[in-house]
Amino acid sequence: MFRLQARLSTLCQSARVQLPDVARGHNHHGYKLPPGVACCSTQAKSQSKPEEKIKKLMVANRGEIAIRVFRACTEMNIQTVAIYSEQDMMHMHRQKADESYLIGKGLPPVAAYLNIPEIIQVAKENGVDAIHPGYGFLSERDDFAQQVLDAGIRFIGPSPEVVRKMGDKVEARQAAIAAGVQVVPGSDGPVASIEEARHFCEQYGLPVIFKAAYGGGGRGMRIVRSMEEVDENFRRATSEAEAAFGNGALFLEKFIERPRHIEVQILGDRGGNVVHLYERDCSVQRRHQKVVEIAPAPKLPLDIRDKMTADAVKLARFVGYENAGTVEFLLDPSGQYYFIEVNARLQVEHTVTEEVTGIDLVQSQIQIAEGKLLPEMGLSQDEIELHGCAIQCRMTTEDPARGFQPDTGRIEVFRSGEGMGIRLDSALGFAGAIISPYYDSLLVKVIAKARDHPAAAAKMLRTLKEFRIRGVKTNIPFLLNVLQHDQFLSGVVDTYFIDENPQLFKFYPTQNRAQKLLYYLAQVMVNGPQTPLATDLQPSDVVPSVPQLPFDRESDIENGDNSYGYYEEMRSMAPTPPTGWRDVLVKEGPEAFAKKVREHKGLLLMDTTFRDAHQSLLATRVRTYDLKRISPFVTQRFNNLYSLENWGGATFDVAMRFLHECPWERLEEMRKLIPNVPFQMLLRGANAVGYTNYPDNVVYKFCDMAVKSGMDIFRIFDSLNYLPNIVVGMDAVGKAGGVIEAAISYTGDVSDPSKTKYNLEYYVNLATELVKAGTHILSIKDMAGVLKPRAATMLVGALREKFPDIPIHVHTHDTACAGVASMLAAAQAGADVVDVAVDSMSGLTSQPSMGAVVAALEGTDLDTGISLSDVTDYSAYWEQTRNLYAPFECCKTLKSGNSDVYINQIPGGQYTNLQFQAFSLGLADQFEEVKKMYAEANQLLGDIPKVTPSSKVVGDMAQFMVQNKLTKEMVEDRAEELSFPVSVIEYFQGYLGVPPGGYPEPLRTKILKGQQGLDSRPGESLPPVDFDKLKADLVEKHGHDVKEQHVISAALYPKVTDDFLEFHDKYGPVDALDTKIFFVGPKVAQEMEVKIEKGKTLSIKTLACGDLNKNGEREVFFELNGQLRSVKIKDEEASKELHFHPKALKGVRGSVGAPMPGEVIDVKVKEGDKVEKGQPVLVLSAMKMEMVVTAPASGTVRSIAVEKKMKLEGDDLLMDIECD
């Protein structure tokens, strides 16, 4: 009843004020309106009640424009009222108003702000006497303006009739023509059908542009350059216009090529006064949406400015324009300009005009609505002057790297740029803000003002670089590129600027290291270790102490400094490293290096602590972090080492697979820290550092990059002593400039006359072939530790006699505790170099003790020249460090040496891994049986050398036999019916090469079951890898931050490399965390410092881990550099009971994911349909923008995971296509 009475009262009041005006025939100044229109306009004047000031104003809008109006009102002592949708319940604009009211309950998000009856009802019920429409939504709806006036409320804007005429692009054109302003050729009215659109195109020619008749902002705009595009663009533009403005009407215009988009800001009052506030250049556009606006337009000729502003004022006077508005023009390269439209409202970019004129446009709007005349407000044309230049950048939550797809989510970090000449207009500029898919993606308007255009651009550039926004993607990288482009800085750009400069879309990804590390810490806290732990032992709390050097800071040593930057600071403070063997190699080359090694009188040592020792004892899990900390000490105290084994073998893939580190970065960083000691690596011949064969060009490329990254000596071997595979590796190393150390893989026992397969003659003959092939150094690789002292004397003696000028290097493992004796025997027999590990990392399946060998030879002709006290200090560090790796400790099960290695011949590096595998297969209590079966499996396979990857074949066969309770005889009898491990089948197919003595028959024939084996070296038949294509594929998957080293890693380990790059992108530099934190995460209330680079340290404190929310997530709270941060992590265990929409599979072409969050508005295919690559299959809508999803490949639609009106998150699965 209340509403009915109010409506009746309004109608009576309208009748009273309209009749006199109709009798007088009063019309708007300068524009003859048709009969019946005058009453509306005079009503607007009569109802504005100029004698009364506005006391309470509502903004019928949301976001930053609502806050902008509220601020203007507060300065004018006007109370403010906000309205908000259900989706905007927590939005900032409702908190900035004096009062706020929910509207549109149960309606879609946009529809809530288009609900005119409810908006007016809320205004009337709460004493609102004026409504400001903002921009967008209802701002250009004349019916809204009229209903506001009908309700007795002032409308902050032009009269309803002017809103209608200027909002209708067709009538606006007619008014401009009548006013004598030149327009672009276009349709006389809205285009009602596709047929009409086609007719217009045929009449005026292409290109043309569809425009929404009742709105702007790029919505409902589509350029048509061919007749084939008319139908689809008409439908898409209509749909967008309907969604954005509530009316899908379109009109057509001839499309002007290469224009500048110039708009003139005007103000008019009820007395017929009109002024301009000069122009803005809005030419930097994408998809007809303005990105950067400038006031005034740079380098606009004064005569054109004067004519254009005069035309804008002329048109405004002609239509009787009141309040603020914008007259827009296109300026072509010849200097001709054309009227295109009037925006009868405040513009997004009004800010730059305010900055250069000093005039508050919103307050001017309000004063005009109160009935004030422009002269009374001090706004006569001669009083309006320009001061400097202003630039506005629209910062949006769009990802420019993905075609500006809108991004949604929670802003986790927000740090703005500020300072002199900077203005920020925003409603979501704070941490914790939720970016929804329902509204425009505008996040912040950043306005910079300075004396001129270059200075304003510099100020804007500085400001944008200061911003730190995490949690959602923004267009900041794109804006930075625009601001640094020479053409933009010149001041003259046209609307083609973005389209013609693809370099604007080349982005350097933000590192976002701090937030990513918080994600990692939270992930470990919620879901446990991200590196699987092999035992239930926990890392020690002790921070290993680095041995003190003369240049150390005493405070660091006392406090046990464990920071990332410690070794960097030590390196920078250290004196010049003492001369080492690498200096000889760098200065004189590989041949001279080998010669000087041979001439050296004492015994040289290679330290395996940095690789084989921890591979044997700690499952290869030692991190670069701990290797780096001790590196400066090694540089100063162990400069006379022959080499430091620190790379290759299993460390390569384990670094990526389990430690989430780049092995190439490990090598490069250690090279900087240890410049004087040669680095040595293990190269598996044609297998490089992998477990299979690769095309030859991969091996050559790998070796070349390894040398460039800092590697010196390559121990090259083949797991079967297959000479052709070894020679490939030797040639690759030689061409790369490395030291060739060809290795004999030792097995059997040359001291036992009964073992005739691998006797002295076999090894001498093999060594002869390696010397002929050009090795610089000859190596004996005793991978299982079965080289007994007497055998060492015999083998080394025979080789020394045969090759007196070739250096001999001996490697063994200490599994049987006879390693020291064997190495001393080898040295006495003429070996030049033996392998050792520092005491606390020696013994068992590792190498013999460095200290024991040093002490045994001290004062003799074979003195190593290494100080035993230095070894002790070095060992103390590793003793403490080893405790950090307790979860991988072989001593959990291996308590002492085992002489049974002489029987089973299990390599030291494989022993602990085999043990962990037995545990995982449920064979923990049968490991002794596995060891015995290892020897049986070796005999079945033909008694082969056992080193990676052949050792894996033997191990797999042994565990297969134990698990299936098979004996050697049973395997031989039942081979044709058994399903063997893949590694066993590939061995018999010849993928590892040919074993000594050939394959055992008939077992090979039975196992292959008719499959053909290889007749030549495996790598010979493999096609070369196309590294350019591989890099392009990696860039497509992981972005442009792909290095050449990553390409080589991907050639060797495709999936491991993909997983590593994804992990690094998600969690950042986890290698900067200390080791215990990395493995098991922090405790609540734990404080830590993380140095991510020199001069940049993160101070982190864990605060709390929240309860499970409805999405299966826990919020984890931190303090980062004194500021509160939080991240949400899905609880993987709890989430198993919740249902979530499946995600598209990354890297799978036919798995089509949602390119942005949004709503499905159309599905164009059905299951079973054949589709072509690029064919539209689905349409998504988000933030009032529609996106057509196309088929990534040709094929058949296998399944569709969505339906119309379904709301999706980014990367949600849309459909699966079975690719042709």
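1. Helices (H or I, at least four residues) and strands (E, at least two) are here DSSP runs, numbered from the N terminus. Just after helix 6, G127 adopts a positive phi of about 70°.

2. The model is a predicted one, in which local features need pLDDT of at least 70 and side-chain atom pairs count only at pLDDT 80 or more, while totals for chains, interfaces and linings use all residues. Residues are numbered from 1 along each chain as its sequence is written, and side-chain values use heavy atoms, with hydrogens and water left out.

3. In helix 6 (residues 116–125), the buried residues (under 20% relative accessible area, 1.4 Å probe, protein chains only) are I116, I119, I120, V122 and A123. Viewed down the axis of helix 6, these buried residues fall within an arc of 160°, so they line one face of the helix; the arc is that of the directions from the helix axis to the C-beta atoms. They pack against strand 1 (56–59), strand 2 (79–84), strand 3 (99–102), strand 4 (130–132) and helix 7 (142–150), where contact means heavy atoms within 4.5 Å.

4. Helix 9 (residues 169–179) and helix 12 (residues 302–318) pack at an angle of about 105°, with their axes 9 Å apart. That makes helix 9 roughly perpendicular (65 to 115 degrees) to helix 12. Axes are lines fitted to C-alpha atoms, for helices over the stretch in contact, and angles run from 0 to 180 degrees between N-to-C directions. In this contact, A175, A176, A178 and A179 of helix 9 meet K314, L315 and F318 of helix 12.

Methods: Buried < 20%, exposed > 50% of the residue type's maximum accessible area, 1.4 Å probe, protein only. Parallel < 35°, antiparallel > 145°, perpendicular 65-115°, else oblique.
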